[in-house]
Amino acid sequence: KSLGITRNQLRHSYYVWEEYGNMSSPTTLFGLEHLLYSGELIMDDPVMMISLGAGIDCDGALAYYC
């Protein structure tokens with residue numbers, strides 16, 4: 001809430017969580033796949049991916065759709 005991110009903006013992540021549950025690190029790739037097949041991206045759209053895993057594991061990437 002403090003970042004101002006809405007549930008709608010996270011809908012692809014929520015979809016994966018609701019359909020498959022918590023899969024740890026692969027959740028990020030499933031969310032990315034769902035986003036890519038949604039047809040919502042246009043050229044040069046930024047995509048932020050963040051993954052939190054077991055223990056102290058955190059990965060992040062900023063990519064652009066092309």
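Helices (H or I, at least four residues) and strands (E, at least two) are taken here as DSSP runs, numbered from the N terminus. The model is predicted, with local features needing pLDDT of at least 70 and side-chain atom pairs counting only at pLDDT 80 or more, while totals for chains, interfaces and linings use all residues. Residues are numbered from 1 along each chain as its sequence is written, and side-chain values use heavy atoms, with hydrogens and water left out.

**Exercise 1. Trace the fold and its confidence.**

Step 1: Count the elements; the protein chain has two helices and two strands.
Step 2: Put them in sequence order, which gives α-α-β-β.
Step 3: Frame the chain: its C-alpha atoms fill a box of roughly 35 × 25 × 25 Å along the principal axes.
Step 4: Turn to pLDDT, the predictor's confidence in each residue, from 0 to 100. The chain has a mean of 84, and 97% of its residues reach 70 or more. Confidence is highest in α1, at 91, and lowest in strand β2 (residues 57–64), at a mean of 76.

**Exercise 2. Find what R7 pairs with.**

Step 1: Apply the salt-bridge criterion, a side-chain nitrogen of Lys or Arg within 4 Å of a carboxyl oxygen of Asp or Glu. The whole structure yields two salt bridges.
Step 2: Look at R7, whose side chain meets that of E18 in a salt bridge (2.5 Å, N to O).
Step 3: Place both partners: R7 lies in the segment before α1 and E18 in helix α1, so the pair ties together parts that are eleven residues apart in sequence.

**Exercise 3. Describe the nonpolar patch on the surface.**

Step 1: Select residues with over 30% relative accessible area and no salt bridge, joining nonpolar side chains (Val, Leu, Ile, Met, Phe, Trp, Tyr) within 5 Å and, for charged patches, like charges within 9 Å. Accessible areas come from the Shrake-Rupley method with a 1.4 Å probe, and for residues only the protein chains shown count as cover.
Step 2: Read off the members: M48, I50, L52, L62 and Y64, with about 590 Å² of accessible area together.
Step 3: Assign them to elements. β1 and β2 each supply at least two residues, and the largest share, three residues, comes from β1. L52, for one, is found in strand β1.
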